[in-house]
Amino acid sequence: MSQPSTQPFDLCPSYQESTKAKTTIPREQKKRKSGESSTEAASVQHLRPGMVLLKGFVKPEDQIGMVSMCRQLGKGPGGFYRPSLKNGAKLNLWMMSLGKNWDSTARSYGPTRPFDGAQAPTIPDAFKMIAQTGNSTASESPQINPDICIVNYYTNSGKLGLHQDKDESESSLIKGLPFISISIGDTAEFMFGDTRDKDQATKINLESGTSVLVNP
């Protein structure tokens, strides 16, 4: 089985420190007033029982800050890599685990990556605060303290097939702790459903700053 590359990966290779970062921000997000919080401007949409879409949730300046933090962490120890499946095939994305490492072959979490022994970087407090705000906005779950965060970076041809997140700890599932995703960058198609049949899946577009919250 081929091993993931341990070479540093920069998700903004042409970025110049002296150049102001740019990102594609939906038009309605640009109208947000200075000092306005995410929850005041977010559009809440219930997609299905236990699944909520928060459109325009993360403020543009916070999106830029998250990208900057991911870039710095991604170039260091435990940063971005191309994960592989059990059959050796590589996923069409770059991944970085924060808090705890995700082993895509064993489908489990652990303190270090098996292929290079790197420890997972700590989850930035800013990421935790955004997740906690999303949880209190769209869920009746108790306050959360996120200890696992997976950052996926997709190129123009990147994608991740239909799958089910079901490898979290039994205690977290019993507590009903939510899964929270945040999309930053180009608008991307997101599919969800009860089966792995793409033709039966519901498709929505996730714009930059959108969050999806799912209660198990």
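Me: Buried means under 20% relative accessible area, and exposed means over 50%. In this predicted model, does Cys70 count as buried or exposed?

Reply: Good place to start! The relative accessibility of Cys70 is 10%. The cut-off for burial is under 20%. Because 10% falls below that cut-off, Cys70 counts as buried.

Me: How many disulfides does the structure hold?

Reply: A disulfide is a covalent bond between the sulfur atoms of two cysteines. Here a pair counts if the sulfur atoms lie within 2.5 Å. For Cys70, the closest cysteine sulfur is that of Cys149, 7.0 Å away, so the two are too far apart for a bond. Across the whole structure, the number of disulfides is zero.

Me: Which elements make up the chain, and which of them has the highest mean pLDDT?

Reply: The chain has five helices and ten strands. Its average pLDDT is 81, and 79% of the residues score at least 70. At the low end of the elements is helix α1 (residues 27–30), with a mean of 48. The highest mean, 96, belongs to α3.

Me: Over which residues does pLDDT stay under 50?

Reply: Helix α1, residues 27–30, has the lowest mean pLDDT among the elements. A stretch of the chain keeps its pLDDT under 50, and the model has 33 contacts for it beyond four places in sequence. That stretch is residues 17–37.

Me: How far apart are the end C-alpha atoms of α3?

Reply: Helix α3 has 15 residues. At 1.5 Å a residue, they should span 21 Å. The distance in the model agrees with this expectation: 21 Å.

Me: What arc do the buried residues of α3 cover around the axis?

Reply: An α-helix has 3.6 residues a turn, so residues three or four places apart point the same way. In α3 the buried residues are Pro60, Gln63, Met66, Cys70, Arg71 and Gly74. They sit on the same side of α3, because the arc they cover is only 135°.

Me: Is Leu73 of α3 buried, exposed or partly exposed?

Reply: Leu73 lies in α3, which runs over residues 60–74. Beyond four places in sequence, Leu73 touches several residues, among them Gly79, Met96 and Pro121. Its relative accessibility is 24%, while burial calls for under 20% and exposure for over 50%. Leu73 therefore counts as partly exposed.

Me: Which exposed residues does α4 carry on the face turned away from its buried side?

Reply: Helix α4 covers residues 125–138, and its buried residues are Phe127, Ile130, Ala131, Gly134, Asn135 and Ala138. Their arc is only 135°, which puts them on the same side of α4. What covers them includes α3 and the strands β2, β3, β6, β7 and β10. The face turned away carries Asp125, Met129 and Ser136.

Me: How many aromatic pairs are there?

Reply: Rings pair if their centres lie within 6.5 Å. Trp102 and Tyr109 form one such pair, tilted, at 5.1 Å centre to centre and 50° between the planes. Ring pairs also link Phe9, Phe80, Trp94 and Tyr153 into a cluster. The count of aromatic pairs comes to six.

Me: What percentage of the residues of the chain count as buried?

Reply: Trp102 counts as buried because its relative accessibility is 11%. Tyr109, at 24%, counts as partly exposed. Over the 216 residues of the chain, the buried share is 35%.

Conventions
Residues are numbered from 1 along each chain as its sequence is written. This is a predicted model: local features need pLDDT of at least 70, side-chain atom pairs count only at pLDDT 80 or more; totals for chains, interfaces and linings use all residues. Side-chain values use heavy atoms; hydrogens and water are left out. Helices (H or I, at least four residues) and strands (E, at least two) are DSSP runs, numbered from the N terminus. Buried means under 20% relative accessible area, exposed over 50%, partly exposed in between (1.4 Å probe, protein chains only). Contact means heavy atoms within 4.5 Å. Rings of Phe, Tyr and Trp (its six-membered ring) pair if their centres lie within 6.5 Å; planes under 30 degrees apart count as stacked, over 60 as edge-to-face and the rest as tilted. pLDDT is the predictor's confidence in each residue, from 0 to 100. The expected span of a helix is 1.5 Å times one less than its number of residues. The arc is that of the directions from the helix axis to the C-beta atoms.
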